[in-house]
Amino acid sequence: MTQDLKKGLNKKVWASCIVGALILAGCGQEVSYVSQKDQDSKKYATAGLDYQDIEYAAKTAVQSMLASGEMQELKGKQVIAVSDVLNDTMQHFDTEQLTQMVIQTLTDQVKGKFYVTKAIAGSGGSADHMIGKVRQLRDDEEFNQETTQEKGTLRAPDLSLSGKVSQRNARVSSSKQRIDYIFILTITSIKSGLVVWSREFPIVKLGSNKSVSW
């Protein structure tokens, strides 16, 4: 075996050892769950938007919806389409998590009144593309046509849920900064184009200027 070949093998062995050591070190790190008590006390609150903030905004929104006279006056089953929800924050925030929690809370609290369509959606939600794909099977001879969906069965939405989440940072002292998150959600009648319900919900945090919120 040549000297160069020996050196090459030694380098590969050392590289494998280093990678293995790093993996073992990562596996050995202590990880624990945040208790419900700590979550309720917001002991581990962050400068950015976390799950508790989204949950608070969603539940507050639904409480306001259910207290709204306009929402209470809606007759019959109401189909909601999730429209665009703009993320105007400094972080990678999944707006669908917010709308999903709003819809889930709303449908849980009011049984048989509100439904969500997955046939169509904006940026704040997600459409189920299988709905359209299955309807393309009507002309496919490989499929039993009696099992395909006939035309005119999709239910068009009555209401649209849209919104925006914005963020503003302001220094309040040499060591502290204020971070304002503003959730704006709106329910619009698709038939009339008029706003049925709309509210904004601020979440204000105070932290160190060294804290990052993205």
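In this predicted model, helices H3 and H5 pack with their axes 9 Å apart, at an angle of about 45°. Two packed helices are described by the angle between their axes and the distance between the axes. Angles under 35 degrees count as roughly parallel and those from 65 to 115 as roughly perpendicular; H3 and H5 are therefore oblique to each other. The crossing in which H3 passes H5 is right-handed.

On the H3 side, the contact is made by Tyr-51, Ile-54, Glu-55, Ala-57, Ala-58, Lys-59, Val-62, Met-65 and Leu-66. H5 contributes Gln-97, Leu-98, Met-101, Val-102, Thr-105, Leu-106 and Gln-109. By character, the residues of this contact comprise 11 nonpolar, three polar and two charged.

**The sheet**

Five strands form an open sheet with mixed pairing, in the order S2-S1-S3-S4-S5. Strand S2 (114–116) and strand S5 (195–208) each have a single partner strand and stand at the edges, so one side of each is left without a neighbour in the sheet. On average, neighbouring strands are turned by 25° against each other, direction ignored.

Three of the strand pairings are set out below, each with one pair of bridge partners or opposing residues.

| Strands | Sense | Bridges | Residue pair |
|---|---|---|---|
| S1 and S3 | parallel | seven bridges | Ile-80 and Leu-159 |
| S3 and S4 | antiparallel | 13 bridges | Ser-166 and Ile-182 |
| S4 and S5 | antiparallel | 13 bridges | Asp-180 and Val-204 |

Strand S1 covers residues 78–88 and strand S3 covers residues 159–171. S3 and S4 form a hairpin, with four residues between the two strands. A hairpin is also formed by S4 and S5, with five residues between them. In the turn of the S4 and S5 hairpin, Gly-193 has a positive phi of about 80°.

S4 takes part in both hairpins. This strand is mostly covered, with 11 of its 14 residues buried.

**Helices on the sheet**

Helix H3, which spans residues 51–67, packs on the sheet and touches strand S4 (176–189) and S5. The direction of H3 makes about 150° with that of S5. Helix H5 (residues 95–109) lies across S1, S2, S3 and S4, and its direction runs at about 150° to S1. Strand S4 is thus touched by H3 and is also among the strands that H5 lies across.

Methods: Residues numbered from 1 in each chain as written. Predicted model: local features only at pLDDT ≥ 70, side-chain atom pairs only at ≥ 80, totals over all residues. Heavy atoms only, no water. Pairing = 2+ DSSP bridges. Axes fitted to C-alpha atoms, helices over the stretch in contact; angles between N-to-C directions. Contact = heavy atoms within 4.5 Å. Parallel < 35°, antiparallel > 145°, perpendicular 65-115°, else oblique. Left-handed = near helix turned anticlockwise from the far one by under 90°. Nonpolar A, V, L, I, M, F, W, Y, C, P; charged D, E, K, R; others polar. Buried < 20%, exposed > 50% of the residue type's maximum accessible area, 1.4 Å probe, protein only.
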